[in-house]
Amino acid sequence: MGSNKGFQVERNIVSNLNNKRFFNLATEYKELICMLFKRIKDENSSILCLKNEGTGLEKKNDLTVTFEEQIINISVKSGSANSIHQEKIQTFINFLESKKILNDYKKNLIYEFHWCDGTYDNTGDVKDRISKTDYKKNNQDKFLQYMGILREYKKEIFYRIFMGTENIPDFTVYFSNNQFFVINFKDLFCKHMEFDESDSNIGILTIQNWNACLQGQDLNGKKHRNDVQFKCKDFQRYLVE
């Protein structure tokens with residue numbers, strides 16, 4: 001989901017819920033409140049819905065909804081090819097090592113498939129940079145080892161990417177075709193752990209270099225190749241059905 005579209009969905013939710021009373025809500029928003037809070041004691045009850053400001057790796061909550069003395073944190077998604085998480089490759093490696101030490105071979109393999117220039121440290125020539133898809137085709141045995149290493153951290157990656165540690169979201173709310181779907185994180189975790197993985201998946205996730213800069217766009221200082229990005233390609237297909 002593009003950031004502008006995602007922010008607009010969040011703004012729409014806030015606009016339609018904040019300081020509104022349940023009985024005055026549009027049908028899809030009544031359904032959303034019912035899915036989140038289960039029981040409605042008084043249809044005249046008012047709702048607060050606020051955007052949680054702030055950024056950082058540990059903040060995954062987008063909106064906080066307060067209704068009838070209950071507070072629920074939600075993470076909002078829409079569209080397809082949803083970008084769930086982005087961080088520098090070095091901090092990601094540090095995170096993995098904080099859970100279980102990587103030997104040099106495993107660590108270098110993760111770096112190699114991030115840079116895709118034949119090096120472990122982004123020192124290859126621009127002419128040596130190729131897409132991850134092509135690098136995988138040229139190094140299939142290594143790629144399978146690389147994915148195997150990441151899958152050793154499948155559970156830990158899920159919690160880092162979807163939940164963080166600050167104002168942990170209670171639910172993911174997915175919006176599509178004017179309809180809301182509420183996904184409990186326990187169910188989401190089960191689907192992640194049980195997902196029938198292809199050679200490019202870590203559970204329901206895929207990993208990529210956010211900006212490969214294959215033509216050297218980073219050399220003028222306006223872009224960089226440092227970030228790793230996780231995506232869930234299709235919430236509706238894999239998580240809602």
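This is a short tour of the structure, stop by stop, with something to select at each one.

**Stop 1: the whole chain**

Keep in mind from the start that this is a predicted model. Show the whole protein chain as a cartoon, and look for nine helices and ten strands. The C-alpha atoms fill a box of roughly 65 × 40 × 30 Å, taken along the principal axes. Of the 241 residues, 44% count as buried. Now think about contacts between residues with a separation of 6 or more: 63% of these come from residues 24 or more positions apart.

**Stop 2: the six-stranded sheet**

Select β1, β2, β3, β4, β6 and β7. In that order, these six strands form an open sheet with mixed pairing. Which strands stand at the edges? They are β1 (20–21) and β7, and each has a single partner strand, so one side of each is left without a neighbour in the sheet.

Next, zoom in on β4 (residues 70–78) and β6 (residues 171–176). These two strands pair in the parallel sense over five bridges. To see one pairing for yourself, click on S75, whose bridge partner in β6 is T172.

Stay with T172 for a moment. Is T172 buried or exposed? With 0% relative accessibility, T172 counts as buried. Leaving out residues up to four places away in sequence, T172 touches S75, K77, F181, V182, I183, F185, L188 and F235.

**Stop 3: helices on that sheet**

Add helix α2 (residues 27–37) to your view. This helix lies across β2 (46–51), β3 (63–67), β4, β6 and β7. Its direction runs at about 10° to β7. Then add α8, which also packs on the sheet and touches β6 and β7. The direction of α8 makes about 75° with that of β7.

**Stop 4: the four-stranded sheet**

Now select β5, β10, β9 and β8, which form an open sheet in that order, with antiparallel pairing. The edge strands here are β5 (82–88) and β8 (201–202), each pairing on one side only. Helix α3 packs on this sheet, where it touches β5, β9 and β10. The direction of α3 makes about 90° with that of β5.

Look closely at β8 and β9: two bridges join these antiparallel strands. Click on N201 to find its bridge partner in β9, T206.

**Stop 5: the nonpolar cores**

Show side chains and look inside. The largest nonpolar core has 40 residues, and F92 and F162 have the most contacts inside it. Elements that each supply at least two residues of this core include α3 (89–99), α4 (104–115), α6 (140–151), β9 (205–209) and β10 (227–232). Apart from this core lies another, of 22 residues, among them F22, Y29, I72 and F180.

Select F162 next. What is F162 in contact with, leaving aside neighbours within four places in sequence? The list is K60, I84, P169, F185, L188, I204, L205 and F235.

**Stop 6: helix α7**

Colour α7 (154–163). This helix is mostly covered, with seven of its ten residues buried. Those seven are K154, I157, F158, R160, I161, F162 and M163. Just after the helix, find G164, which takes a positive phi of about 65°.

**Stop 7: two helices that cross**

Select α4 and α6 together. The two helices pack at an angle of about 110°, with their axes 10 Å apart. They are therefore roughly perpendicular to each other. The crossing of α4 past α6 is left-handed. To see where they meet, show Y105, K106, L109, I110, E112 and F113 from α4, then K142, F143, Q145, Y146, I149 and L150 from α6.

**Stop 8: V14**

Finish at V14, in helix α1 (residues 3–17). How exposed is V14? V14 is partly exposed, with a relative accessible area of 22%. Not counting residues up to four places away in sequence, V14 touches C49, K51 and L63. For a last exercise, draw a distance line between the C-alpha atoms of V14 and Y111. These residues are 97 residues apart along the chain, and the two atoms are separated by 40 Å.

Notes
Residues numbered from 1 in each chain as written. Predicted model: local features only at pLDDT ≥ 70, side-chain atom pairs only at ≥ 80, totals over all residues. Heavy atoms only, no water. Core = buried A, V, L, I, M, F, W, Y, C linked by side-chain atoms within 4.5 Å. Buried < 20%, exposed > 50% of the residue type's maximum accessible area, 1.4 Å probe, protein only. Contact = heavy atoms within 4.5 Å. Pairing = 2+ DSSP bridges. Axes fitted to C-alpha atoms, helices over the stretch in contact; angles between N-to-C directions. Parallel < 35°, antiparallel > 145°, perpendicular 65-115°, else oblique. Left-handed = near helix turned anticlockwise from the far one by under 90°.
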